Amino acid sequence: MTVDGEAVRLKSEADEPGWEVDADDEWGLAVIATVGRQLKLRREAVGMRAGEFGTAVGYGEDLVYKIEGGKRIPRFEYLDKADEVLKAGGLIAAMKEDVKKVRYPKKVRDLAQMEARAVEIGVYECSIIPGLLQTPEHARTLIQAAQPPYSPDDVERMVAARLARQAVFERDPAPSIHFVVEEAPLRRQVGGTMGWRAQLERLLEVGRLNNATLQVMPTNTEAHPGLDGRVELLKFPDGTAVGRSDGAFNGRPITDPKQLRILELRYGTIRAQAFPPRESLAFIEKLLGET
């Protein structure tokens, strides 16, 4: 296609992979369907065909139809351009608030919602630094290391989702948060020396918060119940709780009191074998000093 004699390449679905709504995400599907319907109604109200509108916003006609049909999550850039082209006075751009709520995968949103309600959070990680503690660069490097690789858009979407969960540290009143991290991932220089240093400094920052404790599990220690994977425990204001362990109950979230007691016993044993919080911070400071 040419505009004013210059070739213009319109974006297609191949240019924006990973912006589909999860098939089992009923709420997300409903939100995106509503946004798409409103976009179509406004386009038709000004008498623009889908192809003409797509040219104006820089998107192919097929992608316009998919967004209007609720099959694709529109990017913020798309909504801003649509608002301008359709002269909507900010009404279309305002839909970004609705899209923001469903732009992350359902399982990530569910976890973030649970963490946002929890009064106590306990996390043990065996092979990586927990997502709640990762810097943007650390998270991006880990996600980019996946095979087969994610697209650049997918990577940024997943990084944003992971960082959004860290809003839990800004809550008032603040929850009580406990982390146990293995020594090995602390020594792995993910993202190069500077990125690794920034990540260790982030761990020290969180470990010094009044509502958080950070413990390091030394490599030179006896076997413990966390060697088969991650353990998570979330407790809520009404006395209920949910837990998950990679090595127990098939990794599924559990709420049964008897099963939760098993996870609490395992997590308590892990914390007991790890370095105490003060010694753990000193260990991380020592790692920083070795660079």
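These are my notes on a helix pair, the nonpolar cores and a few backbone oddities in this predicted model.

**Ground rules.** I number residues from 1 along each chain as its sequence is written, and side-chain values use heavy atoms, with hydrogens and water left out. Since the model is predicted, local features need pLDDT of at least 70 and side-chain atom pairs count only at pLDDT 80 or more, while totals for chains, interfaces and linings use all residues.

**Helix pair.** I looked up α2 (residues 50-57) and α4 (residues 76-85): their axes come within 9 Å and cross at roughly 115°. That makes α2 roughly perpendicular to α4 (65 to 115 degrees counts as such). Helices here are DSSP runs (H or I, at least four residues), and strands are E runs of at least two. On the α2 side I found Phe53, Ala56 and Val57, which meet Tyr78, Lys81, Ala82 and Val85 of α4 (contact means heavy atoms within 4.5 Å).

**Cores.** Next I checked the largest nonpolar core (buried Ala, Val, Leu, Ile, Met, Phe, Trp, Tyr and Cys joined through side-chain atoms within 4.5 Å; buried means under 20% relative accessible area, with a 1.4 Å probe and protein chains only). It has 29 residues, and Leu133, Phe179 and Leu186 touch the most other members. A second, separate core of 22 residues includes Val57 and Met95.

**Backbone.** I noted a cis peptide bond between glutamine 147 and proline 148, omega about -5°. Another cis bond runs from aspartate 172 to proline 173, omega near 5°. Lysine 87 has a positive phi, near 50°, and at 72% relative accessibility it counts as exposed (over 50%).

How values were computed. Axes are lines fitted to C-alpha atoms, for helices over the stretch in contact, and angles run from 0 to 180 degrees between N-to-C directions. Angles under 35 degrees count as roughly parallel, over 145 as roughly antiparallel, 65 to 115 as roughly perpendicular and the rest as oblique.
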